[in-house]
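Open the model in your viewer and keep the selection box at hand. The stops below go from the whole chain to single residues.

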Amino acid sequence: MSLEGLQFVNTDNNYNPIDLSKSFLTKKTLPNQVSIQEGFNVELFEVNKNLAFIKNFGNVAAFKDDTSALLIDTGMGVSSVQVVSKLKEWGIENVEFIIYTHGHVDHVTGTDYIINAFENSNTEVIGHKNIVNRFDRYKKTIGYNGIINQRQFGLPSPVFPNEFTYPDTTYDDSYELEFNNSVLKLFHGKGETDDATYIYSEKDNALFTGDFFIWSLPNAGNPSKSQRYVGSWGEVLKKMSELNSEYLFPGHGPLIKGKKEITKVLLDTSNCMLWIEDNVLSLMNSGHSLREIHSKLSLPPEFQQPYLVSVYDDFKFLINSVWRQYGGWYSGTPSELKPPALNEIGKTYIDMAGGEDNLLEFLNSLVSSEKYKEASVVVDAVYAVNKELFSEIKNEIYFNLSEQETSLMAKGIYKFDLDS
Ligand SMILES: [Zn+2]
């Protein structure tokens, strides 16, 4: 997606992502979604003379061989002018290879501009084979994906691209590539998507995680996406930790340096994902409904880490992901199997209350006692009966719900339904 109206500028020549990540790791929690905040201007940080970290919305990594580059991801198209200018300042004259960590638009839509900006380039784009299916699927769902982005990021209108630069070379389980006398190892793993690649450079002892690590609770529960694999995410992170890397280049947020720190963030996140999958499956296996599992599970204290906060995705949504992956869409609550139309439920509530005015009064009393979730169930139904009468209270309920939430996704959905 592109975030219209945002300014991407090169500002801070002293930008040091390693110092920043060190300070983040000492905190108990991170107040905002740093991976988004951090992406709003483009900076290049030289790790060594042949390797750079480029901070972006969808980070980019660049390997240099004389004046040639190999890039890992290309970021969003809206920031490509700055990415190219940073690469040229760094001495790059052509881009030989681009590796995609996955096919999400914040990682791949810079490709076309970047390739064209380096006229001598005969660039080979490499990615997992399922990226092809993803781009094909995107073309069928441009409208829907535009609405998801509008809702998720609070944009003024639906935004989604309709052109994608497909990989020239695809692979299945693993792939090796030599660049500047260094072997890059590409591994496939399922986590956020089924088309993900993480990359390891032995020479630099550097790991490129893509969105397997984004400085917040993994985006493994997103309510509007077709793929998310919680347990597999945990397994992949465990494998990454065995590489014992000195540098971790995340998909979003600052670069991390230090084997000890990297092992900890990878294993904490891995254990968190595995804990969620194990616990949801065990409750499913003992016959609990989705709602019962939501009431029973909360994250244990060992997972209260600055990089596991529900600021982007939401712990509760990850429960749904596991349920969907292993259990289908039936929630285990029979009335949700074939529910009546909302306005029919609304009429029933109004009858129970003895009229619309009584119902409105009852909703006001729920709001006064801050029972916003209970009120939202009722207001959705009665709003379908009488939009005019229930519009104001509906706005109040959802505004308060959005204020209570910590995750961008929950806030976005509650706010999106507000009448303007
Ligand atoms: Zn991303």
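**Whole chain**

Start with everything selected. Of the 420 residues of the protein chain, 54% count as buried, where buried means under 20% relative accessible area, exposed means over 50%, and partly exposed lies in between (1.4 Å probe, protein chains only). This is a predicted model, in which local features need pLDDT of at least 70, side-chain atom pairs count only at pLDDT 80 or more, and totals for chains, interfaces and linings use all residues. Residues are numbered from 1 along each chain as its sequence is written, and side-chain values use heavy atoms, with hydrogens and water left out.

Switch to a cartoon. The protein chain holds 16 helices and 13 strands; these are DSSP runs numbered from the N terminus, with helices as H or I of at least four residues and strands as E of at least two. The radius of gyration is 23 Å, close to the 22 Å of the globule rule for 420 residues, so the chain is as compact as a globular protein of that length. That radius is taken over C-alpha atoms, and the rule is 2.2 Å times the number of residues to the power 0.38. Along its principal axes, the C-alpha trace spans about 80 × 45 × 40 Å.

Now the contacts, meaning heavy atoms within 4.5 Å. Among those with a separation of 6 or more, 71% join residues 24 or more positions apart.

Show the surface. About 18,700 Å² is exposed, and carbon and sulfur atoms supply 48% of that area. The method is Shrake-Rupley with a 1.4 Å probe; for residues, only the protein chains shown count as cover.

Colour by charge. There are 37 positive and 56 negative side chains, and the centres of the two sets lie 4 Å apart. Lys and Arg count as positive, Asp and Glu as negative; His and the chain ends are not counted. Each charge is placed at NZ of Lys, CZ of Arg, CG of Asp or CD of Glu.

**Strands 2, 3 and 4**

Select residues 60-65. This is strand 3, and five of its six residues are buried. Add residues 51-55: strand 2 pairs with strand 3 in the antiparallel sense over four bridges. Two strands pair if DSSP finds at least two bridges between them. Look for Leu-51, which stands opposite Phe-63. The hairpin of strands 2 and 3 has four residues between the strands, and there Gly-58 takes a positive phi near 90°.

Next, add residues 68-72. Strand 4 runs antiparallel to strand 3, joined by five bridges. Asp-65 has Ser-68 as its bridge partner. Two residues lie between the strands of this hairpin, and Asp-66 in the turn has a positive phi of about 60°.

**Strands 5, 6 and 7**

Select residues 124-128. Four of the five residues of strand 6 are buried. Strand 5 (residues 94-99) runs parallel to strand 6, with three bridges between them. Phe-97 stands opposite Glu-124. Strand 7 (residues 169-171) also pairs with strand 6 in the parallel sense, over three bridges.

Which residue in strand 7 is the bridge partner of Gly-127? Thr-170 is. Zoom in there. At 38% relative accessibility, Thr-170 counts as partly exposed. Leaving out residues up to four places away in sequence, Thr-170 touches Gly-127, His-128, Lys-129 and Val-132. Try a distance label, too: the C-alpha atoms of Thr-170 and Ile-319 are separated by 32 Å.

**Arg-134**

Move to helix 6 (residues 130-140) and pick Arg-134. Is Arg-134 buried or exposed? Arg-134 is buried, with a relative accessible area of 3%. Its contacts beyond four places in sequence are Gly-103, His-104, Thr-193, Asp-194, Asp-195 and Gln-227.

**The six-stranded sheet**

Now find the open sheet with the order 8-9-10-11-12-13 and mixed pairing. Strand 8 (174-179) and strand 13 (256-257) stand at the edges with a single partner strand each, so one side of each has no neighbour in the sheet. Inside that order, select residues 206-210 and 247-250: strands 11 and 12 pair in the parallel sense over four bridges. Ala-206 has Tyr-247 as its bridge partner.

**Helix 14**

Finish at residues 372-383. The buried residues of helix 14 include Tyr-372, Ala-375, Val-379 and Tyr-383. Show its neighbours as well: the buried residues of helix 14 pack against helix 12 (342-353), helix 13 (356-368) and helix 15 (387-404).
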